[in-house]
Amino acid sequence: MMTESGETKHLIKINLPGGIVYPGDLLEILAIAKANGVKSIRFGNRQQLIFWVDRAMLADLAHAFFSADIAYEVDADEYPNITSSYVTEEILNASNWLREGVYKDILNAFNHRPKLKINIVDHAQNLIPFFTGHLNFVSSEVSNYWFLHIRYPRTNEMYSWPALVYSEDIPLISKLLEEKLLNPSSGNEIKIEGLALYQEFAKAHGLVGQAYQKPMQHSSFRLPYYEGFNKYGQHKLWLGIYRRHEEFPLELLAEIAETCVKTRIGQLYTTAWKSIIIKSIQPADRQFWSHLLDKHRLNVRHAANELNWQLEDVCQEALNLKLHLVKYFEEADLRTFGLCFAIKTKPRTGLFGSVIIRKKEAKTNEGETLYEVLHTKNFNPNNKEFVVFAPFNRKEHLAESLAKLCEYYYSLQLNFALPKANENLKQSEVLELHQVHQCKHCQTIFDDIYGDEFNNVKPGVKFEEIENYLCPLCEAPKEDFIKVDIQKT
């Protein structure tokens, strides 16, 4: 096929089930890609690996992948990747029961290559979208049981499965539903009568379903900051790496995988935002990762309003438009917290966003492209109901329409009543204020009471007494800390 630059290349897609890739497997893929002239790799919205290869190298690439037993697709997406929120486990808000072993047991039990998009996500996180799949399994409060929301192919029409699904039954139900939804005799999708089908499956296959008392509630959306160094647990770090132009040079990815091997990190994770995350970094090994960032000149503190975008995979048109809009947002100092944006240049693109910029088929009399601005109901990106905000926008007016939509969004937020302060608190009930020092870049707090174990500062040591202090999170110098008052607990 032809790329946007006019070259004859083929698009290669490799699924990484659940968004997981082992360093050794990644190094093998990279070695084969490099031997066949590939310079860089991208990650997709469904946590897959994507790259272009010259037509002349396709046969050699196919032979190498066959020998290495690596499944892939050429210029196709017949087998969408299984997306999961495994990447968020430990490092972001998580359910009480959903842990690494549960994810792995489910993923390992799939004995078929799904043709439907399958999402397996934790209801307590906001990094991985809930409903961008056809079969969307969302964790419930009941241990090892999941809500199932079916989105019929090529539509936004949703159906809620009449019972909670047991973890071990997810692969089987996925296979059975695929056989029903994708009618092999006609080649067309069909709709299902859920209760009857559930009863049929349960009787024939002994499924362990469980009734639920109320439907799943949508949580408010807050996209977490998913790049840079971050602390979690007692003594561990995770690192998120984002690339503004979506491309990861092979040399960079190879060094990331090699550093994982050297520091005994067994897995890498991809996100729905086309970035990668490395977990379980020991503080003593941070020097290796800092050296890697320096060597490849990688920034890891991009503005939040640059990170909250979903684009179609390998779409230069959408990427160029995003860069144009982000530049306007930066110059206008526009607040976008709580929102995420999606750019759709093709019909029926299942992207995730609370604000949708959709390319229209009709153009102006001068041949200019027009865009439609929509938002989801209640601005929840997991909602599939859309409201038109500005139907016709030239590119030069698009940023202004988005700024007005942001203003509208925040005006709605201010309408929510805040709890009233209790003016009759007894003196003994008033919380004391306690002064700490806070990094003005990443808001990390240094508290004299607790010290900083990461920097070997013992509890009780005053901040003013420390020499050559660096922020344990973003490595900002001591002079970039400011005094703030917090409530003393």
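These are my notebook entries on a predicted model of one protein chain.

**Entry 1: overall form**

I began with the chain as a whole. The protein chain has 489 residues, and a compact globule of that length would have a radius of gyration near 23 Å. I found 24 Å for the chain, which agrees with that expectation. I then took the extents along the principal axes, and the C-alpha trace spans about 75 × 60 × 55 Å. For secondary structure I counted 10 helices and 24 strands.

I looked next at burial and surface. Buried residues account for 51% of the 489 in the chain. The exposed area comes to about 24900 Å², and carbon and sulfur atoms supply 49% of that area.

I also looked up how far along the sequence the contacts reach. Among contacts with a separation of 6 or more, 65% are between residues 24 or more positions apart.

Charges came last in this entry. The chain carries 55 positive and 62 negative charges, and I found their mean positions 2 Å apart.

**Entry 2: nonpolar cores**

Nonpolar side chains tend to be buried together in soluble globular proteins. I therefore looked for cores here, and the largest nonpolar one has 56 residues. Those with the most contacts inside this core are I120, L135, F137, W146, L148, W161 and L177. I noted which elements each supply at least two of the core's residues: the helices are α3 (100-108), α4 (170-181) and α5 (194-205), and the strands are β7 (118-121), β8 (135-139) and β9 (145-151). Apart from this core lies another, of 42 residues, and L49, L58, L237 and I278 are among its members.

I picked I120 from the 56-residue core for a closer look. Which residues does I120 touch, leaving out those up to four places away in sequence? I listed I82, T83, S84, S85, Y103, I106, L107, F110, F137, W146 and I170. F137 and W146 from that list are also named among the residues with the most contacts inside the core.

**Entry 3: F65**

I moved to helix α2, residues 58-67, which holds F65. Its relative accessible area is 0%, so I recorded F65 as buried. Beyond the residues up to four places away in sequence, F65 touches I12, I14, I32, F51, I70 and Y72. I checked one of these pairs along the backbone: F65 and I14 are 51 residues apart along the chain, and their C-alpha atoms are separated by 10 Å.

**Entry 4: strand β20**

I looked up two residues of this strand. H375 is found in β20, which runs over residues 369-376, and V373 lies in β20 as well.

Is H375 buried or exposed? The relative accessibility of H375 is 7%, and the cut-off for buried is under 20%, so H375 counts as buried. With sequence neighbours up to four places away left out, H375 touches S354, V355, E385, F386, V387, F389, L405 and Y408.

For V373 I found 0% relative accessibility, so V373 counts as buried. Leaving aside neighbours within four places in sequence, V373 is in contact with V355, I356, V387, V388, F389, A390, N393, L398, S401, L402 and L405. V355, V387, F389 and L405 occur in the lists of both H375 and V373. I also took the distance from V373 to I150: the two are 223 residues apart in sequence and 26 Å apart, C-alpha to C-alpha.

**Entry 5: A318**

A318 lies in helix α9. I recorded A318 as buried because its relative accessible area is 0%. How many Å separate A318 and Q125, C-alpha to C-alpha? I found 27 Å for this pair, which is 193 residues apart in sequence. The contacts of A318, leaving aside neighbours within four places in sequence, are L311, I343 and T345.

**Entry 6: positive phi in two loop residues**

I looked up two residues other than glycine with a positive phi. The phi of D333 is near 50°. D333 is found in the loop between α9 (316-332) and β18 (341-344). Its relative accessibility is 70%, so D333 counts as exposed.

The phi of N468 is near 55°. N468 lies in the loop between β23 (445-446) and β24 (481-487). At 75% relative accessibility, N468 counts as exposed too.

Definitions and conventions: Residues are numbered from 1 along each chain as its sequence is written. This is a predicted model: local features need pLDDT of at least 70, side-chain atom pairs count only at pLDDT 80 or more; totals for chains, interfaces and linings use all residues. Side-chain values use heavy atoms; hydrogens and water are left out. A nonpolar core is a set of buried Ala, Val, Leu, Ile, Met, Phe, Trp, Tyr and Cys residues joined through side-chain atoms within 4.5 Å. Buried means under 20% relative accessible area, exposed over 50%, partly exposed in between (1.4 Å probe, protein chains only). Helices (H or I, at least four residues) and strands (E, at least two) are DSSP runs, numbered from the N terminus. Contact means heavy atoms within 4.5 Å. The radius of gyration is taken over C-alpha atoms; the globule rule is 2.2 Å times the number of residues to the power 0.38. Accessible areas come from the Shrake-Rupley method with a 1.4 Å probe; for residues, only the protein chains shown count as cover. Lys and Arg count as positive and Asp and Glu as negative; His and the chain ends are not counted. The place of a charge is taken as NZ of Lys, CZ of Arg, CG of Asp or CD of Glu.
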